[in-house]
Amino acid sequence: MAGISTAQISSVLLLIFVSLSFSEARDHLVGGKSGAWKVPASDAESLNHWAEKSRFNIGDSLVWEYDGSKDSVLQVTKRDYVTCNTSKPIETYTGGSTKVKLPHSGPYYFISGANGNCEKGQKVIVVVISERRGNLKISPAPSPTESEGPAVAPAPASGAGSLSGGFLAVVLGAMLVAV
C-alpha cells in the first residue's frame with residue numbers, strides 16, 4: 001500500500017477547513033436590517049416572525065442598531081417577557097449599538113426598555129439550537145396557547161449548518177479509498 005499523497009493531504013485539509021467554516025459563530029442583525037428595533041406597525045412586522053425564520057447557534061451574537069437616546073434593549077425572563085415587566089431585567093443594553101453573545105442553547109427573551117413599547121409589540125424571542133452528538137436537535141415548539149413566543153422552524157434539509165462528525169468520517173474515508 002502506498003503512502004498518502006500530497007493531493008490527498010491537501011484534499012483532507014481543504015475539507016476540514018470547509019467544514020469548520022460551516023460552524024463559525026455569526027452575527028445576526030436583529031430584524032435583518034438596521035433600525036428594525038422599533039414598535040411594529042402590524043403583527044406581520046413582529047420581530048418574532050424574523051426570529052422564527054432564522055437559525056441561531058451557540059456562540060452566535062445578536063446585533064441591535066437603534067436610536068439609543070430613545071430606546072434600549074432588555075434581556076428578561078419568560079415571565080417578564082409575557083407581562084412586559086421592565087423593572088428587573090437580566091441585562092440592560094443602551095447606546096444604540098448592542099451586541100449580545102448567545103453562549104448556550106434555549107430561548108432568550110428581549111423587550112424594549114422604552115416606556116410602553118413592549119406592550120405595543122417591541123419584543124423578540126430568540127431560540128438557540130443545540131448540537132448533540134453531531135446532529136442538530138430542535139425541541140418541539142410550544143402550542144400558541146402555551147406561549148406568545150415564536151415556533152422553532154425545523155432545520156433546512158440543505159444549506160448552512162454544522163456538519164456532523166459521522167458525515168466527515170464518511171467523506172474522508174471515501175476520499176482516501178478513492179485515491
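Contact means that heavy atoms lie within 4.5 Å. This is a predicted model, in which local features need pLDDT of at least 70, side-chain atom pairs count only at pLDDT 80 or more, and totals for chains, interfaces and linings use all residues. Residues are numbered from 1 along each chain as its sequence is written, and side-chain values use heavy atoms, with hydrogens and water left out.

**Exercise 1. Determine which elements make up the protein chain and in what order they run.**

Solution. Begin with the terms: helices (H or I, at least four residues) and strands (E, at least two) are DSSP runs, numbered from the N terminus. By this rule the protein chain contains four helices and nine strands. Read from the N terminus on, their order is α-β-α-β-β-β-α-β-β-β-β-β-α. Next, consider the contacts between residues at least 6 apart in sequence: 72% of them join residues at least 24 apart.

**Exercise 2. Describe the open sheet with the order 1-3-6.**

Solution. Two strands pair if DSSP finds at least two bridges between them. The open sheet has three strands, and its pairing is mixed. Strand 1 (27-29) and strand 6 (97-101) each have a single partner strand, so one side of each is left without a neighbour in the sheet. On average, neighbouring strands of this sheet are turned by 25° against each other, direction ignored; the axes used are lines fitted to C-alpha atoms, for helices over the stretch in contact, and angles run from 0 to 180 degrees between N-to-C directions. Three bridges link strand 1 with strand 3 in the parallel sense. Within strand 3, V63 is the bridge partner of L29.

**Exercise 3. Identify the residues with the most contacts inside the largest nonpolar core.**

Solution. A nonpolar core is a set of buried Ala, Val, Leu, Ile, Met, Phe, Trp, Tyr and Cys residues joined through side-chain atoms within 4.5 Å. Buried means under 20% relative accessible area, exposed over 50%, and partly exposed in between (1.4 Å probe, protein chains only). The largest core has 19 residues, and W37, F56, L62, W64 and F110 have the most contacts inside it. Two or more residues each come from helix 2 (47-53), strand 3 (61-65), strand 7 (106-112) and strand 8 (123-132). A second, separate core of eight residues includes L74, Y109, I111 and C118.

**Exercise 4. Establish how strand 7 is covered and how it is joined to strand 4.**

Solution. Of the seven residues of strand 7, six are buried. Strand 4 (residues 73-76) runs antiparallel to strand 7, and four bridges join the two. One of the residues involved is L74, whose bridge partner in strand 7 is I111.

**Exercise 5. Decide whether S72, N117 and E91 are buried, partly exposed or exposed, and list what each touches.**

Solution. S72 is found in the loop between strand 3 and strand 4. S72 is buried because its relative accessibility is 9%. Leaving aside neighbours within four places in sequence, its contacts include W37, Y93 and I111.

N117 belongs to the loop between strand 7 and strand 8. Its relative accessible area is 16%, so N117 is buried. Beyond neighbours within four places in sequence, N117 is in contact with V39, D71, S112 and Q122.

E91 lies in strand 5 (residues 91-93). E91 counts as partly exposed because its relative accessibility is 39%. Not counting residues up to four places away in sequence, E91 touches V73, L74 and Q75. The C-alpha atoms of E91 and F110 are separated by 9.4 Å, although the two residues are 19 residues apart along the chain.
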